[in-house]
Amino acid sequence: MGGVFDTIWDGIQQSLLMAYEVWWALVLGFAISAMVQAWVPRARIESALSGSGPRPVALATGLGAASSSCSYAAIAIAKSLFQKGASAATALAFQFASTNLVWELGLVLWVLIGWQFTLAEFVGGIVLVVLMSLMLRLFVSPRLEKRAREHAQRVTAEHQHHAAGSEGMSWRERLRSEAAWSDVAHNFRGDWQMLWKEITIGFFLAGFIGLAGNGFFNSLFIQDAPGVPRTLENVVVGPIIAVLSFVCSIGNVPLAAVLWSGGISFGGVVAFLFADLIVLPIIAAYRKYYGWRFAWRITALMFVTTVLAALVVDGLFGGLGLIPSGARPSRADIFGSVELDYKLVLNLVGLAIFAALFSLTIRRGVTDPVCGMKVDRARAVRAGLPGTTHFFCSEDCRQAFEAEPERMQRASVG
């Protein structure tokens, strides 16, 4: 039993050390993302997403890059856009951008395994959007897209993380305004609420899988074949591992670092990172949103584009000499250690930013009784009952509350 407990402790310790290694990058990335969500207006962009040509797809990509990196939030927002008339191409472009072209993902990749993977993630995100746009009609006919929209419009709207916005303010005014920073803080808190489970599971999986020797990874991927067959096998198996791991969003970055350390090819790691929109729980959500036929077709489309995009990125980076060729990071490099160095200072700064933003939500915020999200009291949607006022993050939550006020009140108290 002592050996079992030692192994468990080693896995937990490695998980915590990896979290320490990237804590500051997570906080900084989420803070930048929250600023973009709060201060970049979306309404004008959303109104232009009905087509499938280069312009609406580019606008959807920009909107996705300005959004949260949460895969579940991405598919919920994309479903909402699709319901309101956005094309399948723009909805999928939004999803790819919001899970591949966001600050926090790039920062954590850079810290753990190098800037080349950050660049590959951003370049690959654009390649994914282009390939998806070109190949969409091979998988989804206009008739099937119409049926999927009708199905989505019948689905009860679920809670989404809405940007609060700071319309009418200049950037200088926003920087000085507590209300504007409150918008940032509530987006920051909302992202953490949506993603903390994914991030935690990702670190713990990485910590325990990291205990396995390289032989474990050699059994999953071809290691000793010539370059082309090895890359082909790796970029196919990488997404399969992502699908079966159930970890998506930024939570799959720690596991990607462990795969890279274990000897997987550059293309295989990139393919693994790209596959966070086809993990099993998200495929189940597609079926619920759009119906099974549309769901499996877009899943197949995303799998194919993931593999092809990884091959394109691997070939491009190989041709430019950008694939890391030196010694790979060891387990000690990835999981790090706590010492008196620049990482400790950065982590303390990250802790201060985290505390400051969360404290702003506590001081100015109220809790939505429907979804549990913190929302700024001054900007919240309100509904009054005899003797009390309730605050909501959106009209959807207010309407859900008013449909069953007594049950909602009991649930929020419980």
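Buried, in this report, means under 20% relative accessible area, exposed means over 50%, and partly exposed covers what lies in between (1.4 Å probe, protein chains only). Helices (H or I, at least four residues) and strands (E, at least two) are DSSP runs, numbered from the N terminus. In helix H13, the buried residues are Asn252, Val253, Pro254, Leu255, Ala256, Ala257, Val258, Leu259, Trp260 and Ser261.

This is a predicted model, in which local features need pLDDT of at least 70, side-chain atom pairs count only at pLDDT 80 or more, and totals for chains, interfaces and linings use all residues. Residues are numbered from 1 along each chain as its sequence is written, and side-chain values use heavy atoms, with hydrogens and water left out.

## The chain as a whole

Let us start with the overall picture. The chain's secondary structure comes to 20 helices and four strands. It has 414 residues, and 53% of them count as buried. Contact means heavy atoms within 4.5 Å. Of the contacts in the chain with a separation of 6 or more, 78% are between residues 24 or more positions apart.

Helix H13 spans residues 252-261 and is mostly covered, with 10 of its 10 residues buried. After H13 comes Gly263, which has a positive phi near 110 degrees.

## An aromatic cluster

Rings of Phe, Tyr and Trp (its six-membered ring) pair if their centres lie within 6.5 Å; planes under 30 degrees apart count as stacked, over 60 as edge-to-face and the rest as tilted. By this rule the structure holds 17 aromatic pairs. Two of them share Trp192:

| Pair | Centre to centre | Angle between planes | Class |
|---|---|---|---|
| Phe30 and Trp192 | 4.6 Å | 35 degrees | tilted |
| Phe188 and Trp192 | 6.2 Å | 65 degrees | edge-to-face |

The pair of Phe30 and Trp192 links distant parts of the chain: Phe30 belongs to helix H1 (residues 2-39) and Trp192 to helix H10 (residues 178-209), 162 residues apart. Phe188 and Trp192, by contrast, both lie in helix H10, four residues apart, about one turn of the helix.

Are these three rings buried or exposed? Phe30 is buried at 0% relative accessible area, Phe188 is buried at 0% as well, and Trp192 counts as buried at 10%. The three belong to one aromatic cluster, formed by Trp23, Phe30, Phe188, Trp192, Phe354 and Phe358.

## Charges over rings

A charge sits over a ring if NZ of Lys or CZ of Arg is within 6 Å of the ring centre and within 35 degrees of the ring normal. Arg149 lies over the face of Phe82, 4.4 Å from the ring centre. Arg377 places its charged end over the ring of Phe391, at 5.2 Å from the centre.

## Empty space inside

Rolling a probe the size of a water molecule over the atoms shows where empty space is left. On a 1 Å grid over the protein atoms alone, a cavity is a set of points where a 1.4 Å probe fits but cannot get out, and lining residues have an atom within 4 Å of a point. Grid points are joined across faces, edges and corners, and a volume is the space filled by probe spheres set on the points.

How many cavities of 30 Å³ or more does this rule give? The count comes to two. The largest cavity holds about 50 Å³ of space, and its lining consists of Phe82, Ala88, Ala91, Leu92, Gln95, Tyr290, Phe294 and Ile298. Helix H5 (88-100) and helix H16 (292-319) are the elements that give two or more residues to this lining. H5 provides the largest share, four residues.

## Three residues up close

Ala152 is found in helix H8 (residues 142-154) and is buried, with a relative accessible area of 0%. Beyond its neighbours within four places in sequence, Ala152 is in contact with Lys79, Phe82, Gln83, Tyr289 and Tyr290. Phe82 and Tyr290 also appear in the lining of the largest cavity. From Ala152 to Gly291 there are 139 residues in sequence and 8.1 Å in space, C-alpha to C-alpha.

Gln116, in helix H7 (residues 115-139), counts as buried at 15% relative accessibility. Outside its neighbours within four places in sequence, Gln116 is in contact with Phe266, Phe317, Leu322 and Pro324.

Ala300 lies in helix H16 and counts as partly exposed, at 24% relative accessibility. Ala300 and Ile278 are 22 residues apart in sequence and 8.9 Å apart in space, C-alpha to C-alpha.

How values were computed. 1 Å grid on protein atoms, 1.4 Å probe; cavity = no way out; pocket = protein on both sides within 12 Å on 5 of 7 lines; lining within 4 Å.
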